[in-house]
Amino acid sequence: MRSLFPNAWHVARREYLTRVQTRTFLIVTVALALVGLGLALAPLLVRFFEGDPRTDVGLYAEPDTVDVAQLQGLLAANAGAGGDQWRVIPVDDEAAGRQMVRDDDLDGLLSAVRATDGDLSFHAYTDAGSTDPRLLAIRTAATQLAIADRLERAGVDPGQAGEIFAPTAFEVDPVNPDASQDPFASGNGFAAYILVILTFMAIITYGTWVATSVAEEKSSRVMELLITAATPRQLLAGKVLGAGAAGLSQYVVILAGILVGLLAQGVLAERIFGQDAPSQLEGIDFSVLVPFSVFFVSGFLLYCVLYAGFGSMASRQEDVNQVTMPMLFIGMGGYFASFVAMATPNVGWVKVLSLVPFFSPYLLTARYSLAGNVAAWEWIVAGALMAVFLAGALWLAARIYSAGVLLYGQRASLRSVWRAVRVNR
């Protein structure tokens with residue numbers, strides 16, 4: 001560590017302040033934070049512009065057929081948590097009810113009469129298509145009402161109708177429980193999904209940012225002056241710490257905007273619509289943030305160190321994407337493997353792959369969120385491997401960096417990278 005500091009600290013401080021104090025950085029950061037806030041509030045905005053989400057159904061019923069309470073109860077029971085989205089309004093005149101539908105005062109009209117054979121007969125007046133979920137829900141409720149009426153006329157106690165139409169107990173025992181988990185069926189599954197995306201976006205976006213920063217100073221010949229004042233390892237560490245910290249600062253502001261939006265949903269929904277909104281934060285085990293923070297930061301540094309090393313091989317900023325392609329493929333590999341692993345978090349290959357430092361920032365936290373059975377020794381092994389890989393990556397990237405920053409006008413390739421590593425310095 002003494003061989004890195006204080007020179008690496010001076011480089012990091014300069015890199016950080018140079019980036020965060022620019023007007024472009026501030027404008028982009030504020031804009032992205034507002035975008036994150038808007039995305040978090042998107043469900044409320046959609047609901048606001050769409051208007052009242054409730055379905056108003058008019059009911060015209062002949063005497064001794066159906067009453068409003070019966071239809072309202074069945075629609076609410078069948079809808080479950082969305083039962084408050086139904087409202088049944090009594091209509092005394094069928095023609096007037098149809099006019100209310102045409103005037104958009106009602107979403108539809110259900111007429112209930114008794115046929116000549118004694119059965120209940122229903123007629124729906126609506127512009128909803130035959131496959132509209134609302135029409136299907138009304139049809140289901142009408143069928144239940146008709147069957148209940150037949151049972152009552154057959155001598156069955158009307159009080160037993162609720163028991164007859166109670167939901168049937170139905171459970172499924174999967175042949176392979178590990179292969180049938182729905183990763184998005186719980187709050188922790190939603191958290192795992194979001195953490196994987198956040199990790200991937202940070203690594204790819206700000207890793208490329210670090211590589212571009214190296215290529216930028218190299219193309220402006222500033223690197224020739226810096227290389228005389230500090231060792232390649234000190235320059236590399238300072239670049240990674242400074243540019244990485246600037247990127248993470250921007251990331252924290254964006255995440256703060258998203259978090260504020262999620263926390264404000266309930267309050268705004270109550271103020272605007274008079275009812276609370278379900279929160280995406282419910283059911284999430286926030287203890288996952290502790291291991292996530294550790295492996296996110298260490299994994300981010302691992303990728304950024306290698307991004308900086310590869311970025312030093314680019315003679316122009318336009319070549320950065322080409323020379324950093326191997327790191328992009330590795331990051332995407334961990335990203336896509338995570339989505340496969342979230343459906344089967346306890347299988348052997350997921351456990352093994354989650355110990356590999358390039359993949360542990362994705363897989364370990366996803367496993368912890370979904371299964372919660374990551375053993376203590378797995379955390380220790382993954383942490384030890386991450387430390388070893390970080391030290392090795394710093395050594396490897398420093399060798400590439402020390403040769404790459406002085407190479408101009410040469411096309412970067414795997415052969416040139418290998419040559420840079422083999423040079424005895």
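Here are some friendly notes on this predicted model, covering its strands, its salt bridges and a few surface positions.

1. Let's start with strand S1, residues 55-61. Five of its seven residues are buried, so S1 is largely enclosed by the rest of the structure. S1 pairs with two other strands: five parallel bridges link S1 to strand S2 (residues 86-90), and five more, also in the parallel sense, join S1 to S3.

2. Strand S3 (residues 108-114) also runs antiparallel to strand S4 (residues 120-125), with six bridges between them. Ser111 is a handy residue to click on here: Tyr60 stands opposite Ser111 on one side of the pairing, and His123 in S4 is opposite Ser111 as well. In the hairpin of S3 and S4, five residues lie between the strands, and Gly118 adopts a positive phi near 95 degrees.

3. The S1 and S2 pairing has a charged contact worth viewing. Asp56 has Arg87 in S2 as its bridge partner, and the two also form a salt bridge, with their closest N and O atoms 2.8 Å apart. Since Arg87 is in strand S2 and Asp56 in strand S1, the pair ties together parts that are 31 residues apart in sequence. Asp56 is buried at 12% relative accessible area, while Arg87 is partly exposed at 32%.

4. The count of salt bridges comes to eight. One of them lies within helix H6 (residues 133-153), where Asp149 and Arg153 are four residues apart, about one turn of the helix. Their closest N and O atoms are 3.0 Å apart. Asp149 counts as buried at 9% relative accessibility, whereas Arg153 is partly exposed at 44%.

5. Glu378 and Arg367 form another salt bridge, at 2.9 Å from N to O. Glu378 lies in helix H16 and Arg367 in helix H15 (residues 360-370), so this pair ties together parts that are eleven residues apart in sequence. Both ends are under the 20% cut-off for buried: Glu378 has a relative accessible area of 4% and Arg367 one of 2%. Elsewhere, salt bridges with shared partners join Arg114, Asp119, Asp149, Arg150 and Arg153 into one network.

6. On the surface, Asp103, Asp104, Asp105, Asp107 and Asp127 gather in a patch of negative charge. Asp105 sits in the loop between helix H5 (94-102) and S3, and is partly exposed, with a relative accessible area of 46%.

7. Finally, Ala384 belongs to helix H16 (residues 376-404) and is partly exposed at 42% relative accessible area. Its C-alpha atom is 9.3 Å from that of Pro357, 27 residues apart along the chain.

Note on methods
Residues are numbered from 1 along each chain as its sequence is written. This is a predicted model: local features need pLDDT of at least 70, side-chain atom pairs count only at pLDDT 80 or more; totals for chains, interfaces and linings use all residues. Side-chain values use heavy atoms; hydrogens and water are left out. Two strands pair if DSSP finds at least two bridges between them. Patches are made of residues with over 30% relative accessible area and no salt bridge: like charges are joined within 9 Å, nonpolar side chains (Val, Leu, Ile, Met, Phe, Trp, Tyr) within 5 Å. Accessible areas come from the Shrake-Rupley method with a 1.4 Å probe; for residues, only the protein chains shown count as cover. A salt bridge is a side-chain nitrogen of Lys or Arg within 4 Å of a carboxyl oxygen of Asp or Glu. Lys and Arg count as positive and Asp and Glu as negative; His and the chain ends are not counted. The place of a charge is taken as NZ of Lys, CZ of Arg, CG of Asp or CD of Glu. Buried means under 20% relative accessible area, exposed over 50%, partly exposed in between (1.4 Å probe, protein chains only).
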